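This text walks through one protein structure, part by part. Please keep the sequence and the model in view while reading.

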Amino acid sequence: MGVELVEVVLLRNFNESRPALFRRMARFYGPLGTARLTARYARATIAERRGSPHSVEGIAARHGVPVRALPSINDATFLAQRDVDVLLSVAAPEILREQALTAAPHVLNVHSGRLPDYRGMMPTFWALSDGADEVVVTVHEMAAGIDTGRVIAEFPVAIGPRDTAFDVSRNAKAVAGREVARLLSTIRAPREARPAPERAGNYYSFPTRADARRLRARGRRLL
């Protein structure tokens, strides 16, 4: 069974303005890390202008997929127009409300951490900080709570001895993209979903500079 990607919806990163996003990254990465991250962004922007798309918009345009920017996924007018089988959340910066959770037969979330152990933000960072030797990409049904709902599938991603936090996050996203595409092609086939976890697990917020220093103390780098 094939998969038709009807539309990509873009929300603001962390649901905040670009200046606020820059300040967040600067606090986390520090001056040198921010400069390196900015250089990577600049190289990707130049490559895109030369015909090698790196952004979501550029890649979607290459494949003829419409892109829509919204201030909120809970936009009632937008949700009322949906006629899709699956609403797939990837790094959504806000909580989906009731209308969004019932907007399609399958409302799923892709989370780059084992649940319920790594609920919340930047789960790959926290797993690396804990000394894990792998992270787990989890696909689960969305529910009213954050990173709750029945687990549909899990995909382990090994952590290499020299992997940076950036590497681990990028590798998890690569595995997620490949495996979730396969999963969606069989979404109508019967499957046994694992019950939602009875325990709350751990919820993590965005890491601080102190958290970054602790990661470095373990011999790991951010970038």
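The structure is a predicted model. A helix that rests on other helices makes a convenient starting place. The buried residues of α7 pack against three other helices: α1 (18-49), α5 (123-129) and α6 (165-184). Helix α7 itself spans residues 209-217, and D211, A212 and L215 are its buried residues. These residues lie on the same side of α7, because they cover an arc of only 100° around the axis.

The two ends of this helix can be described as well. At its start, a side-chain oxygen of T208 comes to within 3.3 Å of the backbone nitrogen of A210. After α7 comes G219, which has a positive phi, near 90°.

From α7 the path leads to the nonpolar interior. The largest nonpolar core has 34 residues, and those touching the most other members are F28, F125, V135, V137, V139 and L222. At least two residues of this core come from each of α1, β4 (106-111), α5, β6 (134-141), β7 (151-158), α6 and α7. Helix α6 gives the largest share, eight residues.

F125 shows how this core connects with α7. Leaving out residues up to four places away in sequence, F125 touches F28, A165, P207, D211, A212, L215 and L222. Among these contacts are D211, A212 and L215, the buried residues of α7. Apart from the largest core lies another one, made up of twelve residues, including L70, F78, A104 and V107.

Aromatic rings are the next topic. How many aromatic pairs does a search of the whole structure find? The search finds seven. In one of them, the ring centres of F14 and F206 are 5.3 Å apart and the planes stand at 85°, so the pair is edge-to-face. F14 belongs to the loop between β1 (8-10) and α1, whereas F206 belongs to the loop between β8 (203-204) and α7, so their pair ties together parts that are 192 residues apart in sequence. F14 is partly exposed, with a relative accessible area of 29%. F206, in contrast, has a relative accessible area of 12% and is buried.

Y118 and Y204 make up an aromatic pair of the stacked kind, with 5.7 Å from centre to centre and 20° between the planes. Y118 is in the loop between β4 and β5 (119-120) and Y204 is in strand β8, so this pair ties together parts that are 86 residues apart in sequence. Both Y118 and Y204 are buried. Ring pairs also join F14, F28, Y29, Y118, F125, W126, Y204 and F206 into a cluster. The cluster includes F28 and F125, which are among the residues of the largest core that touch the most other members.

Two arginines sit over aromatic rings. R24 lies over the face of F14, 4.3 Å from the ring centre. R40 is placed over the face of F166, and its distance from the ring centre is 4.5 Å.

R24 also leads to E16, a residue in the loop between β1 and α1. The side chains of E16 and R24 are joined by a polar contact of 2.9 Å. Not counting residues up to four places away in sequence, E16 touches L21 and R24. Is E16 buried or exposed? E16 is counted as buried because its relative accessible area is 17%, and the limit for this class is under 20%.

Another polar residue, N109, lies in strand β4. N109 is buried, with a relative accessible area of 6%. A polar contact of 3.1 Å links its side chain to that of S89. Neighbours within four places in sequence aside, N109 is in contact with S89, V90, T138, V139, H140, M142 and D147. One of these, V139, is also among the residues that touch the most other members of the largest core.

The last stop is I152, in strand β7. Its relative accessible area is 15%, so I152 is buried. I152 and R182 are 30 residues apart along the chain, and their C-alpha atoms are separated by 13 Å.

Note on methods
Residues are numbered from 1 along each chain as its sequence is written. This is a predicted model: local features need pLDDT of at least 70, side-chain atom pairs count only at pLDDT 80 or more; totals for chains, interfaces and linings use all residues. Side-chain values use heavy atoms; hydrogens and water are left out. Buried means under 20% relative accessible area, exposed over 50%, partly exposed in between (1.4 Å probe, protein chains only). Helices (H or I, at least four residues) and strands (E, at least two) are DSSP runs, numbered from the N terminus. The arc is that of the directions from the helix axis to the C-beta atoms. Contact means heavy atoms within 4.5 Å. A polar contact is a pair of N or O atoms within 3.5 Å; within protein, one must be able to donate a hydrogen and the other to accept it, and residues adjacent in sequence count only if both atoms are side-chain atoms. A nonpolar core is a set of buried Ala, Val, Leu, Ile, Met, Phe, Trp, Tyr and Cys residues joined through side-chain atoms within 4.5 Å. Rings of Phe, Tyr and Trp (its six-membered ring) pair if their centres lie within 6.5 Å; planes under 30 degrees apart count as stacked, over 60 as edge-to-face and the rest as tilted. A charge sits over a ring if NZ of Lys or CZ of Arg is within 6 Å of the ring centre and within 35 degrees of the ring normal.
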